[in-house]
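Take a walk through this protein, starting from its aromatic rings and moving outward to its sheet. Keep the structure open as you read.

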Amino acid sequence: MTAVARIAIDECPMLVADLLLSGPPLPGVTASVPTVDDLSTAFPPGSPRVPRELCQKIAIVADNLVVGWAGGYATARDVVDKLLRLSASQPFTNDSLQRHLDGLVPSVWLESGSPGGIGLVGFIRDPDGRIAQFGRSSFALTTQLFGKVGLLGSGLDDFEKFLQQVQKLPEADNLTMNALQRSIGFGLHMGGSLLRIELATPASLQKFYGGGYEIAVSEKGRRRGPRSRREK
């Protein structure tokens, strides 16, 4: 369960993702979430699913490829690790990436109904500089300000409402912002706004997303954001 958005602002595409991992409660383990002092008020004893920990859900596979995931952690880890290994030996193009994703077993994807299935959204930049956006088991939302947006996860509806309500991009006083600054500015604005809501109500945590947000932005063929962590 999670919330990920793929948003294109001018020539600087971006991913925004939450950090919360959840699952059945573990004996003797109590998660710590920065926005809530006591999770027991939102998740009383006996809750079948609870927050477990915080984890990056955006992976910078290479300078030309970034992906965000929702769904089963183990499946996402395996899929991303394979992308990292293959990209290190031969960088992906959009065509080769789509062939690779098409060749994965159907049970990888959320739409298969597999309990460990995942969804992906992301961007890839081909050698000629063209950027392609892609998604698997994702929801495509058409917006007036951002064009077609890709959404994933249990927070999909809340992300959709937020993006549909945005009338304009953030502006800085006495500064003409370039595309990169507008993209980063909006990512920070979106994450900050969602965290303010979370501080007031645990509703997002009860939908199993939140706890913090990360962004990754494309700039002139390079990706700025968190590197994928190989752990667990």
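Start at Phe-186, which is buried, with a relative accessible area of 0%. This is a predicted model. Two ring pairs meet at this residue, and they link Phe-146, Phe-162 and Phe-186 into a cluster. The structure holds 6 aromatic pairs. In one of them, the ring centres of Phe-146 and Phe-186 are 4.9 Å apart; the planes stand at 45°, so this pair is tilted. Phe-146 sits in the loop between strand 9 (139-143) and strand 10 (147-153), while Phe-186 belongs to helix 4 (residues 179-200). The pair therefore ties together parts that are 40 residues apart in sequence. Phe-146 is buried too, at 6% relative accessible area.

Now turn to the other partner. Phe-162 and Phe-186 also make a tilted pair, 6.4 Å from centre to centre and with 45° between the planes. Here the link runs from helix 3 (residues 156-165), home of Phe-162, to helix 4, across 24 residues. Phe-162 has a relative accessible area of 13%. The cut-off for buried is under 20%, so Phe-162 counts as buried.

Next comes the sheet. It is open, has 4 strands in the order 5-6-7-8, and pairs them antiparallel. Strand 5 (58-62) and strand 8 are the edges. Each has a single partner strand, so one side of each lacks a neighbour in the sheet. From one strand to the next, the twist averages 15°. Strand 7 and strand 8 are joined over 6 bridges. Look for Leu-120, which stands opposite Arg-136 in strand 8.

Two helices lie across these strands. Helix 1 crosses strand 5, strand 6 and strand 7, at about 20° to strand 5. Helix 2 lies across strand 6, strand 7 and strand 8, at about 10° to strand 8. Which residues of helix 2 are buried? They are Asn-94, Ser-96, Leu-97, Gln-98, His-100 and Leu-101. Their cover includes strand 6 (65-71), helix 1 (73-89), strand 7 (118-125) and strand 8 (131-136).

Two local details follow. Ser-204, in helix 5 (residues 203-206), counts as buried because its relative accessibility is 9%. Beyond its neighbours within four places in sequence, Ser-204 contacts Glu-198 and Tyr-209. Elsewhere, the charged end of Arg-49 sits over the ring of Phe-208, 5.6 Å from its centre.

Finally, consider confidence. The mean pLDDT is 90, and 93% of residues reach 70 or more. Among the elements, helix 2 (residues 94-102) has the highest mean, 98, and strand 12 (residues 222-224) the lowest, 48. Over residues 226-232 the pLDDT is below 50. Where pLDDT is low, the predicted coordinates should not be read in detail.

How values were computed
Residues are numbered from 1 along each chain as its sequence is written. This is a predicted model: local features need pLDDT of at least 70, side-chain atom pairs count only at pLDDT 80 or more; totals for chains, interfaces and linings use all residues. Side-chain values use heavy atoms; hydrogens and water are left out. pLDDT is the predictor's confidence in each residue, from 0 to 100. Contact means heavy atoms within 4.5 Å. Buried means under 20% relative accessible area, exposed over 50%, partly exposed in between (1.4 Å probe, protein chains only). Two strands pair if DSSP finds at least two bridges between them. Axes are lines fitted to C-alpha atoms, for helices over the stretch in contact, and angles run from 0 to 180 degrees between N-to-C directions. Rings of Phe, Tyr and Trp (its six-membered ring) pair if their centres lie within 6.5 Å; planes under 30 degrees apart count as stacked, over 60 as edge-to-face and the rest as tilted. A charge sits over a ring if NZ of Lys or CZ of Arg is within 6 Å of the ring centre and within 35 degrees of the ring normal.
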